[in-house]
Amino acid sequence: MVAYVAQRLAGLAFVFILVSIVAFLLMHATPGGPSDEPNMPLPPAAKENILRKCGLDQPLHIQYINYMANALRGDFGYSFSSPTETVAQVIGRTWPISITLGGITVVVALGSGILLGILAAIQQNSILDYVVTFIATLGLTVPNFVIALWLILVFAVELRWLPLGGWGDDWRQIIMPMIALGLGPMGIATRYTRASLVDVFTADYIRTARAKGLAERMVVMRHAIKNALIPIITVLGPRIPDLITGTIFVETMFRVPGLGKFFVESVLDRDYPMIMALMLLIAVLWGLVYLITDLLYTVIDPRVKLT
Amino acid sequence: MDQDTRSRLTRRAFLRAAAIGVGSAALAACGGGGATAPTAPPATIPPPTTAPTLAPVQPTPPPTAAPAPTAAPASAVTNSLGVTLPANAAPLEQQAFVVYFDITADFTSPNQMETIYKSGGFGSITNLTGDTLVRLNKDFQVQPAAALSWSSDETGKVWTFNLDPNLVWSDGTPVTAEDFVATFRYAADPTHAWDFAWYYSAPGAIKNWDKCVAGELPLDQLGVTAKDKHTLVIESETPAPFLPAKLVYSEVLSAAKLKEFGSGLYTADPAKTISCGPYLLKEFKPGERVVFEINPTYKGTNRPRIERVIQIAARPEAMFAGYQAGEVDRVTGEQLQTADNEIIARDPELSRQVRLTAADFRTDYLFFDCQNPPFNDVRVRQAFSHIIDRDTLIKSIITPTQGIPAYSFLMPGFPASNSEGLKNIQRYDPERGRALLKEAGYEGGKGFPKLTLWLRNEPQIRQALAAAIAAEITQEYGIEVEVSNKEFKTFMDALNAKPTQIQFGMVSYGIDFLDPSNMLGVWLSTGRHNWFNKTYDEMVLKAAEMTDQEARIKIFQDAERLLCEEAPAVFIYHRTVADIYKPYVVGECFEPNIAGFAGLQWPGFTSMSDSLQTLYISNEVTKYRKGTPR
Amino acid sequence: MSAIVSDKAVTAVDPIISRPPSNLWRDAAIRFSKNKLAMGALIVVGVLVFIGIFADVLAPQPNFARPIDARKFPGEAGYILGTDDVGRDMLKRLIHGVRTSLIVGISVQAIALVIGATLGLGAGFLGGWVDFFVMRIVELFTAIPQLLFALFLISIFGGGLFNVILAIALIGWVDICRLTRAQLFSLREKEFIEAARALGIPPFQIAWRHLLPNALTPLIIAVTLGVPTAIFTEAGLSFLGLGINEPTASLGKMVGASFAYIRVYWHMGLLPTLLIALIMLSFSFVGDGLRDALDPRLRK
């Protein structure tokens, strides 16, 4: 086991390098750069000044080597968009907020999704089942900006029960973003849970257990859930870093000062240091999540051998 | 009053304003003296050339604070600078102006000499911690600010500015000409890489600006020098009577702080920054909050009434909802969505809160790659200029409060604008267009390549506009047109590439300073589009240097006529920006200006404008706000 | 647990059944046809596909715009479902939008399925170095921001329908791959697989005939869930000019465009959303029915 984990971590380091190269090439191959020219074009000399200031006047491989040398020492450079802060400071400031919002949403959304899925599976093909499926589908098809705006209009503007947005000074500020963020994952969790459980329920040994009586159903439930957990974890695992890194839309709509907006904005602004840092962060985060979910498979189903 | 009447009023007001605009051009373009002897600039606004009978564009006049005291025995409020507010002012703790800024916009510094484009996007309030050399009033006339008076020599290339000796920094040190010299040098400094570095190039370039920016000359060669402690000398490369108007972008930085910190970024840190302007920076959290508080040590002439300016980051789609919930005092027209405007239009109460401005005289237009087929043929371009049914587009898609038809580049109210005279050149006339296309060999659209109309990251309303125009081109001319709303940088990169990569696009331009050479300069051969016309260049550059107002306006108008006829652009509409303000935000700055607009004019609530001196919160605020704003 | 190894085994183990040996797929088809909900959903899918294929006949000239008719509500001015903000008939736009969105959704998922299932099968079943490399590729693709990848891809190859589908699918195969791999981890150690191995059945046949059908459930869900995701991703990319250009209609773009109007012109957002939900629900129920039908353990 230890050997396996060590092997995976080594693989992660390999991916780290790979991701950095791919990210670097992608960024520089995309048109546009850090200078804005919405009005008149900058004289070429002025544009060069900007490129030089951002360290972009060097040949690509030199830029890459400099970047990696600094990154390995923990220096990820200054964000082009906020030159008074290093990338590390920006991420350090915003990530805890995204984690808090994301973490709470994960627990509530996935938890309630799994519960609903269990309910629906037990009462398979009943009215309850259809209603739950419908709600889950709604959560997935109604775009979260519609949900967000509707929440704001109803609860903040009309009823004035909840604050419009912001973070940190009112516990109620988490409610609307959590709902807007969590409805989709809840829908996913419900669908997968229900389907996996139904799958397991129809297996012969379950039928046998059922025939034997109610007490057996508890044993069966545990069995069923354990078996259903594998696909559930596979899919839901990555939803967690998804939620933790935040979504730009919900965060900006409710003014949660988290990390989410940088994922889109840094690309649109061509903020290269930020893009690189975020990609490396994601690679590490997801690599760890994948590792943990793989390890969890062995816990749930002892027959699973990872190697 | 219904929407149609309002739009008719608008148009009438504009047409009258065009005439006024010509007159005001004379005032706007020359804030200083003549070319020969030093004369003092007008300290008061000269009367307009026609009687001010312009109807306001709202159904009812906004509740401006007429200084006629009622019987209410309200004791006059005096703010921390000692400015006495009018009798109907709210108590001091309510004198806070709360607005939104775009949460996704970059906000590097609130000082324009540090950055222009990364300052919080549309609707943000910036440039309050330093005075500028000159400022504008609501009629866009250049007024003294940090410079109390100025004059030029006979050549028109050397300008002397007499600075206000009272200005001090908030740490007690006096503001001197050295600070301004350091500011301009910093702006030209290659290591600073100012994103607005094109601005002090031609037309009206500061001497040696381009060479300093390119690093070819040391910064002490820049044509900005201090003759003595309170006298600043600015030299230009060519005679430029509009240089004072251009100098509205000169928010002074502290020479000492620039030296201490090595860059102007100290202006973004409340702990490090010092201010010689009307406000102090109290909080600066981009993406969250930016707060200014009145500067009790301010000794300049732009004495404000408002005590605090609070800005909250929000997403434009949610801003109107926040306004309705009472969180902010205004939402600007650029921040409002189409549906928001519809809701406002249907609600009499909300409609009354709308205040119209010309904002930055922004004109939207189609443009072409004039160097390559098919648009290198002027007949094809002219054919396209006859396909825009502006009246229907404005009525149905833009909606009449959001814009007026544009048949030429300069919006009514802008100096030298000539909308009436040029109206016929690019008129809606698909018949003529078809004839022109046939002449050019593309009868019925046969043989015409399929086009893609590039948009620059436009919001939905202009995407709809472009889609409608594209559909009309297809339906009337038989030419297939797709519309692609490009991401901002992809678009600009393609546009500015040499050679340009955009064959057919739609974009807008708004003013940088109040002179025709600014707007018309977009179309110079050195400008941003690839139309090269020597006659046009000569006309514009010659007129830019002239001091005879009437003569230069005539030449500018001829140049604009050439622009319309050669059609490197097809003008679509001028944007009128309908801001919405709570009724308790009042002040003389909201009274109708010379063109009949009764809103907060460009550049808004900043040191560049004298609106600071009159905007305040009336005591009606208690009906709306719960508690005091944080 | 009466695991099934091969058709012959059924008749051998369970003497009560005396039917002739049946085919997995034919059994599945019969079972599916008995599932009323699934059949209903299949009809809906059929109708949608029909609409998509014959969109040009059903709704000619969907891009014809009359600006003067912009933003009409359903029923106004002779437009059954109203008009959009450019003055185009909503009904026609929706019909063509269904076509575009179906093409996008199905193509993306098909490509993602092929890539993801193949790689996942390989990684899950063969393990070892194959698993190592596949997982590293998965991690790489996860880390690349989809926006950046799309920007890059489209700046090189241009926009248009095909490239958008590629841009979305090349990031979207990851979930399917991991799901397949995970299912395989748990399945490959099961007794019936050991038995198959013991019988000498070649690995590919094991994977194809025995592992894949058992791994199907989460795959089917992923595919059906992926359809609206693909539709919305396409809309998001189109908004940045990276996807499908106007005037081509797509349901996702229509929903996105409706946001600016939603507080007044609700029909511009509601109608395409309903259609997307319909697509998703019908695909989901068909998927559920498929899974029920293909489940070998239900064989009677």
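In chain C of this predicted model, residues 24 or more positions apart account for 71% of the contacts that have a separation of 6 or more. The chain contains 12 helices and zero strands, so that its pattern along the sequence is an unbroken series of α elements. Of its 300 residues, 59% count as buried. The accessible surface of chain C comes to about 12,100 Å², and carbon and sulfur atoms hold 71% of that area.

One helix may serve as an example. Helix α7 of chain C runs over residues 146-157, and its 12 residues reach 16 Å from the first C-alpha to the last, close to the 16 Å expected at 1.5 Å a residue. The buried residues of α7(C) are Leu147(C), Leu148(C), Phe149(C), Ala150(C), Leu151(C), Leu153(C) and Ile154(C). After the helix comes Gly158(C), which has a positive phi near 85 degrees.

Elsewhere on chain C, attention turns to the surface. Val49(C), Phe50(C), Ile53(C), Phe54(C), Val57(C) and Leu58(C) make a nonpolar surface patch of about 550 Å². Two elements of chain C, α3 (36-53) and α4 (55-58), each give two or more residues to this patch. The largest share, three residues, comes from α3(C). Ile53(C) is found in helix α3 of chain C; with a relative accessible area of 55%, Ile53(C) lies over the 50% limit and therefore counts as exposed.

Charged side chains give a further view of chain C. Side chains of opposite charge can pair when their charged atoms come close. Asp84(C) and Arg88(C) meet in a salt bridge, at 3.1 Å from N to O. Both partners are buried: the relative accessible area is 7% for Asp84(C) and 4% for Arg88(C). Salt bridges with shared partners join these two residues with Arg93(C), Glu246(C) and Lys253(C) into one network.

Over all chains, the structure holds 44 salt bridges. One of them, in chain A, pairs Lys47(A) with Glu37(A), whose closest N and O atoms are 3.4 Å apart. Lys47(A) lies in helix α2 (residues 44-53) and Glu37(A) in the loop between α1 (2-29) and α2, so the pair ties together parts of chain A that are 10 residues apart in sequence. Lys47(A) is partly exposed, at a relative accessible area of 28%, whereas Glu37(A), at 7%, counts as buried. In chain B, the side chains of Asp131(B) and Arg135(B) form a salt bridge at 3.9 Å from N to O, and both residues are buried.

The interfaces between chains remain to be described. The size of an interface is often given as the accessible area lost when the parts come together. For chain C and chain A that area is about 5,400 Å², 70% of it on carbon and sulfur atoms. Here 59 residues of chain C are in contact with 67 residues of chain A. One salt bridge is found across this interface: Asp294(A) and Arg181(C) meet at 2.7 Å from N to O.

Chain A and chain B bury about 3,900 Å² between them, with carbon and sulfur atoms giving 57%. On the chain A side, Asn39(A), Met40(A) and Arg255(A) lose the most area to chain B, together 17% of what that side buries. The contact takes 43 residues from chain A and 48 residues from chain B. Two salt bridges are found across this interface, among them the pair of Glu327(B) and Arg255(A), with the closest N and O atoms 2.5 Å apart. Arg255(A) thus appears both in this salt bridge and among the residues of chain A that lose the most area to chain B.

Terms used
Residues numbered from 1 in each chain as written. Chains lettered and ligands numbered in written order. Predicted model: local features only at pLDDT ≥ 70, side-chain atom pairs only at ≥ 80, totals over all residues. Heavy atoms only, no water. Helix = DSSP H or I, 4+ residues; strand = E, 2+ residues; numbered from the N terminus. Expected span 1.5 Å × (residues − 1). Buried < 20%, exposed > 50% of the residue type's maximum accessible area, 1.4 Å probe, protein only. Patch = residues over 30% accessible without salt bridge, like charges linked within 9 Å, V, L, I, M, F, W, Y side chains within 5 Å. Areas by Shrake-Rupley, 256 points an atom, 1.4 Å probe, with all protein chains shown as cover. Salt bridge = Lys/Arg side-chain N within 4 Å of Asp/Glu carboxyl O. Contact = heavy atoms within 4.5 Å. Buried area = accessible area lost by both parts, 1.4 Å probe.
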